[in-house]
Amino acid sequence: MNDLEGITVVALEQAVAAPYASGRLADAGARVIKIERAEGDFARGYDDLVHGESAYFVWLNRGKQSIRLDIKDDADRALLERMLAKADVFIQNLAPGAVERLGLDAESLRARHPRLIWCGISGYGSEGPYRDQKAYDLLVQAESGLCAINGTEHGSARVGVSVCDIAAGMTAFQAILQGLFARERTGEGRTIEVSLFHAMADWMNVPYLQARFGGKPPARVGLKHPSIAPYGAYTCADGKAVLISIQNEREWQRLCEQVLDEPALATQPEFASNTRRVTNRKRLEERVEASFAALPREAMIDKLTTARIAFGRLSDLDDLIAHPQNRLISVQTSAGQIEMLAPGAVINGTQQAYGEVPALGSDDAALRAEFSQP
């Protein structure tokens, strides 16, 4: 039996954040009914790189049913109401103010369905001066300060995946699971609000605390660490780069003795503590770079492994595709079977099955027949 078997989720969703949350619920065995416009979730059109389908949509929508509804139409709205009457969870990420105009806000819906877990995902939440502001991932990366700490000394950069959307989707998923667990005890549903800004702001707490209480916002240092040294990417003799991370003085000593072959470096006053190494980063980097440049990457990795120094290869996407640690899952799409990277959690003793990615409106007829009567 799947963990969430018997749980029905109605998702009035689009793009990334809400589909991420409902997609994880579907993976756990919930029945997820995805409500789409006639033209479909606009994420279907983000690209056509997966045998003609969108990579975003294929990633986030496996295991769901798709029905096209015009919720401003009386008949379709009545159909949606009949679905909600049998739902355990309602997820929406419509534009600010839309659910209120439609009468699908938490207060209205939960008055009719007290056991319902209502989850709304927005850009900035329902309070504050920005509550009506539209928000997309990159805009929130900038607004939350993430871009200020990401990039190099030459300028800011975006994180290359939709990190604010994903953070909001993860936050919504965990809050919904908590709500379902609480309902088992109380019999009552609950209202959950998640915003891209607040989900990302939570992740920004370390630089926030450093800046607010220490007066020292982290600098943009590319692949280096703003407050630890040495920590970053170093190019080896074959032109390939490896990243290392030195977390304590024992590791620093081992690096000097067994990797850099300069044991005296560990106790030089300018490098004798992490704070001093950060202060004298430029001179430190020159010494480390010279040692790494003398060996091919795999030879350097052998030394790092022997010295028990944490490292990571600087992989490109071809490296990721061929990575020996990958776990893959197979998912059926309307264009055929495809493989994708597996979710992060492994639950021992279970056999996970992943549902098909729905074609637009693939369940129109079946769902309209099922919910034709109260």
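Which residues of helix 11 (residues 249-259) are buried? The first legend answers this, and every view shows a predicted model.

**View 1. Helix 11 and its buried residues.** Glu-251, Trp-252, Arg-254, Leu-255, Cys-256 and Val-259 are the buried residues of helix 11. They pack against strand 10 (241-245), helix 12 (274-279), helix 13 and helix 14. Asn-248 caps the N-terminal end of the helix. A side-chain oxygen of Asn-248 lies 3.1 Å from the backbone nitrogen of Arg-250. Just after helix 11, Asp-261 adopts a positive phi of about 55°.

**View 2. The antiparallel sheet of three strands.** The strand order in this open sheet is 9-10-11, and the pairing is antiparallel. Strand 9 (231-235) and strand 11 each have a single partner strand, so one side of each is left without a neighbour in the sheet. From one strand to the next, the twist averages 25°. Five bridges join strand 9 to strand 10 in the antiparallel sense. Tyr-231 stands opposite Ser-245 of strand 10. Helix 14 packs on the sheet and touches strand 10 and strand 11. The direction of helix 14 makes about 160° with that of strand 11.

**View 3. A salt bridge between helix 14 and strand 11.** Arg-313 and Glu-298 form a salt bridge, with the closest N and O atoms 3.1 Å apart. Arg-313 belongs to strand 11 (residues 310-313) and Glu-298 to helix 14 (residues 297-306). The pair links distant parts of the chain, 15 residues apart. Arg-313 is partly exposed, at 40% relative accessibility. Glu-298 is also partly exposed, at 41%. Elsewhere, salt bridges that share partners join Glu-13, Lys-34, Asp-41 and Lys-64 into one network.

**View 4. A salt bridge within helix 13.** Lys-282 forms a salt bridge with Glu-286. Their closest N and O atoms are 3.1 Å apart. Both residues lie in helix 13 (residues 281-292), and because they are four residues apart, about one helical turn separates them. In an α-helix there are 3.6 residues a turn, so residues three or four places apart point the same way. Lys-282 is exposed, with a relative accessible area of 65%. Glu-286 is partly exposed, with a relative accessible area of 44%.

**View 5. A salt bridge between helix 3 and helix 5.** The structure has 20 salt bridges. One of them joins the side chains of Glu-81 and Arg-112, at 3.0 Å from N to O. Glu-81 is in helix 3 (residues 74-85) and Arg-112 in helix 5 (residues 106-112), so the pair ties together parts that are 31 residues apart in sequence. Arg-112 is partly exposed, with a relative accessible area of 40%.

**View 6. The parallel sheet of six strands.** This open sheet has the strand order 3-2-1-4-5-8, with parallel pairing. Strand 3 (64-68) and strand 8 are the edge strands, and each pairs on one side only. On average, neighbouring strands are turned by 20° against each other, direction ignored. Strand 1 and strand 4 run parallel and are joined by four bridges. Leu-12 has Gln-92 of strand 4 as its bridge partner. Helix 1 packs on the sheet, where it touches strand 1, strand 2 (31-36), strand 3, strand 4 and strand 5. The direction of helix 1 makes about 130° with that of strand 3.

**View 7. The largest nonpolar core.** This core has 35 residues. Those with the most contacts inside it are Val-9, Val-89, Ile-91, Ile-121 and Ile-176. Two or more residues come from each of strand 1 (8-12), helix 1 (17-27), strand 4 (89-92), strand 5 (117-122), helix 8 (163-186), strand 8 (190-195) and helix 9 (196-203). Helix 8 gives the most, with eight residues. Ile-176 is in contact with Leu-25, Val-89, Ile-91, Cys-119 and Ile-192, leaving aside its neighbours within four places in sequence. Another core, of 24 residues, lies apart from this one. Among its members are Ile-71, Leu-79, Leu-80 and Leu-116.

Technical notes: Residues are numbered from 1 along each chain as its sequence is written. This is a predicted model: local features need pLDDT of at least 70, side-chain atom pairs count only at pLDDT 80 or more; totals for chains, interfaces and linings use all residues. Side-chain values use heavy atoms; hydrogens and water are left out. A nonpolar core is a set of buried Ala, Val, Leu, Ile, Met, Phe, Trp, Tyr and Cys residues joined through side-chain atoms within 4.5 Å. Buried means under 20% relative accessible area, exposed over 50%, partly exposed in between (1.4 Å probe, protein chains only). Contact means heavy atoms within 4.5 Å. Two strands pair if DSSP finds at least two bridges between them. Axes are lines fitted to C-alpha atoms, for helices over the stretch in contact, and angles run from 0 to 180 degrees between N-to-C directions. A salt bridge is a side-chain nitrogen of Lys or Arg within 4 Å of a carboxyl oxygen of Asp or Glu. A polar contact is a pair of N or O atoms within 3.5 Å; within protein, one must be able to donate a hydrogen and the other to accept it, and residues adjacent in sequence count only if both atoms are side-chain atoms.
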